[in-house]
Amino acid sequence: GTAVESGNHLRLAPLELVPQQLAEQMVIAIPLAAPVEGHHEAVPTPECVEHARVFDNYYGTHRRYWDDAAASGKDLLLDIDVQGARQLRVRFPDAVSIFILPPSRDVLAQRLRARSEDTEAVIERRLRGAAGEIGNYRQYDYVLVNQELDESAARLAAIVQAERLRRIRNEERIRPILESFGAVPVPDEETTEKVETEKVEK
């Protein structure tokens with residue numbers, strides 16, 4: 001399966017963006033969370049594929065989700081911040097990353113206040129943190145501006161479907177079709193250039 005990471009530094013649950021039909025086809029990783037003060041052992045970093053401190057909490061994604069996805073052949077969806085995304089790209093370079101952006105600072109502020117989970121001071125702190133982290137969007141494969149829920153959900157589904165159809169993920173399925181025709185794959189330009197370079201160097 002494919003690992004799909006959503007850059008979500010404010011922990012605004014991207015699960016709302018996952019259509020039910022798509023969710024049934026994926027393993028969805030629920031991040032571990034624990035306050036910094038005295039409970040960091042609740043996020044066992046050696047057992048996590050990524051972990052990070054975000055504001056006053058530790059977060060991490062347990063390895064078991066990755067193992068479950070591999071065993072079932074399903075895609076894996078992770079809700080992680082930019083720190084965790086950096087770690088994941090090093091460990092799993094083929095992971096697909098999606099940065100979820102709010103339409104504007106004002107809209108994000110409205111959504112945070114509508115949740116009624118944080119004090120005004122905490123909301124302002126989160127907004128200041130967002131200003132710096134949003135600049136990391138170029139490190140991601142896709143950027144999804146979360147304007148309307150239904151539209152964003154459809155776009156997320158389109159990204160996942162497009163990645164599932166990438167040639168590199170379908171070689172095993174394509175090979176027997178070519179064999180039934182007695183055909184062989186033509187090397188792509190990158191492979192050809194690599195071979196020619198090796199010849200020159202020798």
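**Exercises on helix α6 and its surroundings**

In this predicted model, Asn170 sits in the loop that lies between α6 and α7 (171–181).

**Exercise 1.** Determine whether Asn170 is buried or exposed, and find what its side chain reaches.

Solution. Take the relative accessibility of Asn170, which is 16%. Buried means under 20%, so Asn170 counts as buried. Next, follow the side chain: it reaches the backbone oxygen of Arg164 at 2.8 Å. Finally, list the contacts, not counting residues up to four places away in sequence: Asn170 touches Arg164 and Leu165.

**Exercise 2.** Check the span of helix α6 (residues 149–164) against the value expected at 1.5 Å a residue.

Solution. The helix has 16 residues. The expected span is 1.5 Å times one less than that number, which gives 22 Å. The end C-alpha atoms of α6 are 23 Å apart, in agreement with the expected value.

**Exercise 3.** Find which residues of α6 are buried, and how they are placed around the axis.

Solution. The buried residues in α6 are Ser152, Ala153, Leu156, Ile159, Val160 and Glu163. Viewed down the axis of α6, they fall within an arc of 120°, so they line one face of the helix. As background, an α-helix has 3.6 residues a turn, so residues three or four places apart point the same way.

**Exercise 4.** Classify Ala157 by accessibility and find its contacts beyond four places in sequence.

Solution. Ala157 is part of helix α6. Its relative accessibility is 25%, so Ala157 counts as partly exposed. Leaving aside neighbours within four places in sequence, Ala157 is in contact with Pro19 and Leu22. For Leu22, the separation from Ala157 is 135 residues in sequence and 6.9 Å in space, C-alpha to C-alpha.

Notes: Residues are numbered from 1 along each chain as its sequence is written. This is a predicted model: local features need pLDDT of at least 70, side-chain atom pairs count only at pLDDT 80 or more; totals for chains, interfaces and linings use all residues. Side-chain values use heavy atoms; hydrogens and water are left out. Helices (H or I, at least four residues) and strands (E, at least two) are DSSP runs, numbered from the N terminus. Buried means under 20% relative accessible area, exposed over 50%, partly exposed in between (1.4 Å probe, protein chains only). The arc is that of the directions from the helix axis to the C-beta atoms. A polar contact is a pair of N or O atoms within 3.5 Å; within protein, one must be able to donate a hydrogen and the other to accept it, and residues adjacent in sequence count only if both atoms are side-chain atoms. Contact means heavy atoms within 4.5 Å.
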